[in-house]
Amino acid sequence: MANKISDETIEYVGILAKLELSEEEKRQAQEDMGKMLDYIDKLGELDTQGVEPMSHVFPVHNVFREDVVVNGDDRENMLRNAPAVKDGSYKVPKTVL
Amino acid sequence: MAKQYETVIGLEVHVELATKTKIFCSCSTAFGGAPNTHTCPVCTGMPGSLPVLNKQVVEYAMAVGLATNCKIHQYSKFDRKNYFYPDNPQNYQISQLYLPICYEGGVEIDTPAGKKVIGIHEIHMEEDAGKLIHDEWEDCSLVDYNRSGVPLIEIVSEPDMRNADEVIAYLDKLRLIIQYLGASDCKLQEGSMRADVNLSVREVGAEKFGTRTEMKNLNSFKAVARAIEGERARQIELLEEGKQVIQETRRWDDNKEYSYAMRSKEDAQDYRYFPDPDLVPIIISDEWIQAVRDRQPELRTEKLERYKKEFDIPDYDARIITGSKKLADLFEETTAICKKPKKVANWILGETLRLLKEKDMEPEELRFSAENLAKLINLTDAGTINGSVAKEVFEVLFGEDIDPEQYVEEKGLKTVNDEGALRTVIKDVLANNPQSVSDYKGGKAKALGFLVGQTMKAMKGKADPGSVNRILKELLDEA
Amino acid sequence: MDILSLTATQLGSKIKAGEVSVTEATEAALAQIKKLEGTLNCYVTVDEEGALRRAKEVQKLIDEGTLSGPLAGVPVAIKDNLCTEGMKTTCSSKILYNFYPTYTAEAVKKLEEAGAVILGKTNMDEFAMGSTTETSAFGVTRNPWNTEHVPGGSSGGSCAAVAAEECFYALGSDTGGSIRQPSSFCGVTGIKPTYGTVSRYGLIAYGSSLDQIGPVAKDVTDCAAVLEVISSHDKKDSTSVKRQDTDFTSALVDDVRGMRIGLPRDYLGEGLDPEVKAEVLKAAETLKEKGAIVEEFDLSLVEYAIPAYYVIASAEASSNLSRFDGVKYGYRTQEYEGLHNMYKKSRSEGFGAEVKRRIMLGSFVLSSGYYDAYYLKALRTKALIKQAFDRAFEKYDVILGPAAPTTAPELGKSLSDPLKMYLGDIYTISVNLAGLPGMTVPCGTDSHGLPIGLQLIGDCFKEKNIIRAGYSYEQARGAWKAPQLTETAKKGGI
């Protein structure tokens, strides 16, 4: 494997992705990611100099909404699926220490 | 000799735009609703929902860009800024990193050393986050997404400011421009204008910038000034102790007058920006730019010149009035009704400013109508009420926006114009104050003032002072 | 009359003619579901009560003359990544095990307006990530042709349900082949339309720039009819395209004379199962005999499509799936200390291995220092792949090839080597990168009796070309045949 994924990298990506992996999962993730990156490195063979990165396949642009209020109060529906609710708000663990 | 330090400051100013709806959905942006009553699948990050851009946001952003001498990226895109926090329902914020709508502009400010241009690096559009309320009882936080998706522009300056005064002047200038454009009400206290301060220090003469910190949570001009002083001192102290300034985000605590690092292991500050695949590019034609330019309302400088020319208002007065969009609007609307620009200016510069100061209010908080101010001016001008009554009526008008005509009628405040009745009263006053009469005759001019006062008192303030003076002198000369 | 053996449009005509009632059709499908679900597990949710209630409503509207379209009253199954108001929508993930959307996806709304009766939600690979439907948190779906084999994925539940006649047609979604590959494995017909043709509003996103919703059915006629209904210019989806030419059923014409069909040599080389190759070439020969001009050509860049796809799709997925955090909906872990621990535990317990793998990869390729090397490189590769197709479509009306290199693998044989599984998408993925329409049409079986699918690829907005080619081929091939379920499967055992 040309791409060696360090423990630190897996730890760091876990923080970015908000995933907590077990030791076994970490080892597996290192191996999988290394293999995938080796494979992805194949793209390096391609000369893409001067090629514009293509986000959208079609030249669709300027899709706008008019500034008109359409939505009313739909709080009950919005909160219906929330795991924890208090006073019409989503309840989460304390965000400040 | 102790080392001399220079402060280098750049600002990131967030301004909430005055649109009716949010940036990517048709929910209302109105303030003050109960939590989560202005939300929908889009602004609560429901699975499967998709954003659609509010055109007015683009127009306001362009208008601010043009008014601050920016260039417009005629091909602009939205990117996702990825980070986890509960006020951000999708756990990414839709913003612009790679191709912001406006770039390379600047505004001129006045400094003691003369005029100075503060460069604007870019202006980009983005969505605001929701609000977190900390619940002390249950030791948890509550999320309200009413503000989630409210449109913002972020105005990023160059590191061109060197002290708090320049920062305040720059903020003031931006605020005025944006208020004149009608793009936002720019209230720092309410959070519709927010400034993050990027600050570093370096030895005077050094070419390289020092390491900067970013300070957040500054919600008044005074807090901005204090935070700059506090952070400057903190950084200099570190350097003097031979320590390093760490590049980080800090939260200013205005009560403790100190900033605190906001970093934690869980905030990697690696936002993994990439173009948002759910939104398409914005292409801005020359015609569109011209149309926004053509629609641009008169800004402060033009207004100032026009007031001096059109209304013959002194420069100083015109500056104060145009120094607030609200005052300028009040001036123009009132003048349009009563056609007495100088009198209107006097009311604004005099009583209005006096009461604002007394009540510690901003001009934006004024609630009375131009129509009622015009009525009051007309009543005074016609002699229906006298000056001191007018001031009393104005105090009521200032607080409750009453109709002065109706008020004067109801309270019986009209000046008495019945000359016969006035003569009778004055005769009585003279008869009751022989000492003052002889003082006057003896050359004491002050005595006349006393007699006027006595007459007004007898008239319960409702006499025309001119008539009182004239009749008094006439009768004294006869006596 | 055997109601179940009818195609969707045949059933629609019979309902219109009053020969079959909507309730009869719905009951027939529900009975088949009851009979086979114990074996096949095509559905995550079956809404028996709702479907029967809806059947009565639709019948009334048909009787009144309010509903008269070709699909009015026809029962349908919906992939479980399409939001349905009040009906559980899970993406086959534990993290959405209890999610009841507050709104219905635009494509499903279009079906409802056309008088569809929704039977339930079909199983899939978790968040559409996978090629076997084995990554579902709610059990694997089995292939009706051989229950020891996978149905393909990620729309495995939709394709297996159509093949097993547990519905008359279904909706799937296709990000890298997720309609076309399981259609091939299950011996049914499925279309991935041009990007932007069907609104994505209400489709729970995997790779937003690649995702498209499309029909799965027994034949090309049904697919064309369904696609005609679900295509729309939707103001709620900024990437939705305004099209005038969505009268797809007008292309159901048995005539390919003069049609230029290209066979990419790159799709017929190493890695392709010889039996699959033989059947695909036979199908090409059939079209040639009917007057099409068929020739081989070099498409190029095929081997770069998979790496580019995994960078782009994983990057978008890592961001799209960050909203699943235990705050607004779905699974929240029971015990946690503080906010970030709650996030991490909820997500780690809520997502399966394949989803986590792709989120990790996607987060990595977007992270500081790697964005240019991976993400931008992949977007540039995508541009080159699009150009290669543009060149091909200057010469050809349709590109023909296999939908997958093999027939359906056995259960449990794919997930151990993800990279090998990814390679199975080699013929479908570039179509998503280039935004093109693609269709799978069954074209025979291998020596084990497993179906083989023919893939027809059209230029952007040229669905009519592939519909015409597919329909013409189908006329020569003969009507669709249902799989012969084993005796135990028929009884509901495995």
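Two residues are in contact if their C-beta atoms, placed from the backbone, lie within 7 Å. With that in hand, take C:Val76: setting aside neighbours within four places in sequence, its contacts are C:Leu111, C:Ala116, C:Val117, C:Ile118, C:Leu119, C:Cys167, C:Phe168, C:Tyr169, C:Ala170 and C:Leu171.

This is a predicted model, in which local features need pLDDT of at least 70 and side-chain atom pairs count only at pLDDT 80 or more, while totals for chains, interfaces and linings use all residues. Residues are numbered from 1 along each chain as its sequence is written, and chains are lettered from A and ligands numbered from 1 in the order in which they are written.

**Chains A and B in outline**

Here are some overall values for two of the chains. The radius of gyration is taken over C-alpha atoms, and the globule rule is 2.2 Å times the number of residues to the power 0.38. A residue is buried if 20 or more other C-beta atoms lie within 10 Å of its own, exposed if 12 or fewer, and partly exposed in between, with C-beta atoms placed from the backbone.

| Chain | Radius of gyration | Compact globule of that length | Residues |
|---|---|---|---|
| Chain A | 23 Å | near 13 Å | 97 residues |
| Chain B | 30 Å | near 23 Å | 479 residues |

Along the principal axes, the C-alpha atoms of chain A fill a box of roughly 55 × 45 × 25 Å, and those of chain B one of roughly 95 × 65 × 55 Å. In chain A, 26% of the residues count as buried; in chain B, 42% do.

Helices (H or I, at least four residues) and strands (E, at least two) are DSSP runs, numbered from the N terminus. Chain A has three helices and three strands, arranged along the sequence as α-α-β-α-β-β. Chain B has 15 helices and 17 strands. Among contacts in chain B between residues at least 6 apart in sequence, 69% join residues at least 24 apart.

**Strands in chain B**

Strands of a sheet pair through backbone hydrogen bonds, either parallel or antiparallel. Two strands count as paired if DSSP finds at least two bridges between them. In chain B, strand β3 (residues 71-72) pairs with strand β7 (residues 102-111) in the antiparallel sense over two bridges, and B:Ile72 stands opposite B:Cys102 in β7(B). β7(B) is also joined by nine bridges to strand β8 (residues 114-127) of chain B, and the two run antiparallel. They form a hairpin with two residues between them, in which B:Val107 stands opposite B:Ile118 in β8(B).

**Where chain A meets its partners**

How many residues of chain B are in contact with chain A? There are 41, and they touch 34 residues of chain A. On chain B's side, the elements giving two or more residues are β2 (53-54), α1 (55-67), β9 (131-135), β10 (140-144) and β17 (282-283). Of these, β10(B) gives the most, with five residues. This side divides into 21 nonpolar, twelve polar and eight charged residues. Here Ala, Val, Leu, Ile, Met, Phe, Trp, Tyr, Cys and Pro count as nonpolar, Asp, Glu, Lys and Arg as charged, and the others, Gly among them, as polar.

β10(B) also pairs with a strand of chain A: β3 (residues 89-93) of chain A runs antiparallel to β10(B) over four bridges. One bridge there joins A:Pro93 to B:Cys140.

Chain A touches chain C too, through 38 residues of chain A and 52 of chain C. Helices supplying at least two residues each on chain C's side are α9 (302-320), α10 (338-350), α11 (353-366), α12 (371-395) and α13 (418-423). The largest share, eleven residues, comes from α12(C). This side holds 28 nonpolar, 13 polar and eleven charged residues.

**The sheet of chain C and the cores**

Chain C has an open sheet of eleven strands with mixed pairing, in the order β1-β3-β2-β4-β6-β5-β10-β11-β9-β7-β8. Why do β1 (43-46) and β8 (293-297) of chain C each have one side without a neighbour in the sheet? They stand at the edges, each with a single partner strand, so one side is left free of a neighbour. Within the sheet, strand β10 (residues 438-445) and strand β11 (residues 451-458) of chain C pair antiparallel over six bridges.

A nonpolar core is a set of buried Ala, Val, Leu, Ile, Met, Phe, Trp, Tyr and Cys residues joined through C-beta atoms within 7 Å. The largest has 255 residues, of which B:Ala61, C:Val76 and C:Leu119 touch the most other members. Its largest share, twelve residues, comes from α9(C). A second, separate core of 28 residues includes B:Phe331, B:Ala345, B:Leu366 and B:Phe398.
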